[in-house]
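Please read this note with the structure open beside it. The points are short and can be checked one at a time.

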Amino acid sequence: MVDNEAGVLPQEPKKTFDTILVLDFGSQYTHLITRRMRELNIYCEMLPCTQKIADLDFKPKGVILSGGPYSVYEDGAPHADPAVFDLGVPIMGICYGLQEIAYRADNKNVIAGEKREYGHATLNVTKHSGKQEHVDRLFEGLEKDMEVWMSHGDKLGKLPEDFVVVAESGNSPYAGIAHQEKEIYGIQFHPEVTHTKKGTQLLKNFAVSICKAQQNWTMSAFIGKELERIRALVGDKGQVIGAVSGGVDSTVAAKLMKEAIGDRFHAVMVDNGVLRKNEAKEVKEILTKGLGINLTVIDASDRFLDLLKGVKDDPEKKRKIIGNTFIEIFQEKAKEIAEAAHGSDKAGDIEFLLQGTLYPDVIESISFKGPSATIKTHHNVGGLLEGMHLKLIEPLRELFKDEVRELGTQLGIPEDLVWRHPFPGPGLAIRIIGEVTREQVRIAQEADAIFMEEIKKAGLYRQMSQAYAALLPVKAVGVMGDKRVHAQVIALRAVQTTDFMTADVFPFETKFLSKISTRIVNEVDGVCRVLYEITSKPPGTIEME
């Protein structure tokens, strides 16, 4: 059974582990709610606020309504399926989610605030002697005056019927409310952001004390369940072809698949012509000698570069070309392996393709994860070939990067591989702004190699999450060898992040950047200037395209 037209096999943790469901109203912080729950060892999944409850194939232990950029009283504002309130499970609304709860009770409950409230605020927590025990449980164990983070313009103009106030701030007299009979709560602030001190404790109060969710979501527990799932899907004779790149995601996925089905897993790396310098050679040595994975490297660089010729101004087109061509090559290789294997009673047709897709890829690429706009198409999520006949197995699809690294450690993958920086499937094609040519690839490869060499030499590699050199589509004037030159510009980028949904620029010392700039300009023919790109995410993305 598959759960969409691309042939993606369904993931099952929500049916195995107690699950908190987050309904996303488009807040930039929604993914943080999911992360905080996972950090508490509670499985949590995010779906759009428009999710029809009747279509859920599991029953959550509790539901969180996220924040959002809308006003609940405006025409076209998103609203949750009313059936969510009939699930019989605890519900908590955060910011817009609070206003959604109040608006549902009476559309006059929510008003535009006289002044907006953004940033730090002091919350006064109120106790209710004589009320039902659950009323105060959300703030149990927290101090009376609590520092929180606000981000709202609208607020409650009055208290909804059958609710009591459990917290207030200077600008929000109904900053925390609780239903007197039902386990329904609303808070105006954001407990999921680090600026709210004790916010994680509040989320734990909701999930554990109120929803009674078990804290059993661990990678050691996930491994056993996922191995069982893979074996059941593939069967005793089925074979899987795997897309590997040497990055942590595909390496962990490949190791997991090898553990599940052994030699019936065929790892394949496609050299698309836009890899790092010497990448294909190094990855083959790492995976074959280091992990015992049987890896085939296909040199398709000419095929990819010919298809990318002339594509200058449309990064989405680059991603689609690379994603589609990847699938075409894998399907060709799958057919070749299957034909070679016929005649063995241990072999069956190859029906499945392994990919290392992660949860942030899904969130950013698939708009049904929330009403927020699609940021970009990930080659391994939205860039798949229409009519693809291989079914996808994506064992990491519901995991964040830190969970993948923990999974890799549990699987015995060496630390240097587990902590390897991500490298995108489209490779240097999305780090070369403009047309991708063999000459542009050479320049980007050489500059990137110098950058990474110096980072590792300085002992900074583990202090950042991702770093690379990009090639800009402009030329600048320089003076080299007493001559005027008109050459290209390299932009260096390095970021720190825990989940790749948000990221901050890495604070290199100027002296260190100057050293790298000198090396690149002196050693990479065709470059006369080097810049350091300092945009955070948001508003930027980690990759250039």
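The points below cover confidence first and salt bridges after that.

1. Status of the model. This is a predicted model, and its confidence should be read before anything else. The protein chain has an average pLDDT of 87, and 90% of the residues reach at least 70.

2. Weak stretches at the level of residues. Residues 1-10 have a pLDDT below 50; in the model this stretch still has 25 contacts beyond near neighbours in sequence. Residues 366-385 also stay under 50. For that stretch the model has 69 contacts beyond four places in sequence.

3. Confidence by element. Strand E3, residues 62-65, has the highest mean pLDDT among the elements of the protein chain, at 98. The lowest mean, 69, belongs to helix H10, residues 359-365.

4. Salt bridges overall. Side chains of opposite charge can pair when their charged atoms come close. Searching the whole structure gives 35 salt bridges. Three of these pairs are taken up below, among them glutamate 545 with lysine 318.

5. A pair between distant parts of the sequence. Glutamate 545 and lysine 318 form a salt bridge through their side chains, with an N to O distance of 2.9 Å. Lysine 318 belongs to helix H9 (residues 315-341) and glutamate 545 to the segment after strand E18 (527-532), so the bridge ties together parts that lie 227 residues apart in sequence. Are the two partners buried or exposed? Glutamate 545 is buried, because its relative accessible area is 12% and buried means under 20%. Lysine 318 is buried as well, at 1% relative accessibility.

6. A buried pair. In the salt bridge between glutamate 394 and arginine 397, the closest N and O atoms are 2.6 Å apart. Both of these residues, glutamate 394 and arginine 397, are buried.

7. A pair within one helix. Glutamate 453 and lysine 457 meet in a salt bridge, at 3.8 Å from N to O. Both sit in helix H13 (residues 438-457), and they are four residues apart, so about one helical turn separates them. Glutamate 453 is partly exposed, with 38% relative accessibility. Lysine 457 has a relative accessible area of 54% and is therefore exposed, the cut-off being over 50%.

8. A network. Which residues are linked with Glu453 and Lys457 in a network of salt bridges? The other members are Glu454, Lys515, Arg519 and Glu523. The pair from point 7 can thus be viewed together with this network.

Notes:
Residues numbered from 1 in each chain as written. Predicted model: local features only at pLDDT ≥ 70, side-chain atom pairs only at ≥ 80, totals over all residues. Heavy atoms only, no water. pLDDT = per-residue confidence, 0-100. Helix = DSSP H or I, 4+ residues; strand = E, 2+ residues; numbered from the N terminus. Contact = heavy atoms within 4.5 Å. Salt bridge = Lys/Arg side-chain N within 4 Å of Asp/Glu carboxyl O. Buried < 20%, exposed > 50% of the residue type's maximum accessible area, 1.4 Å probe, protein only.
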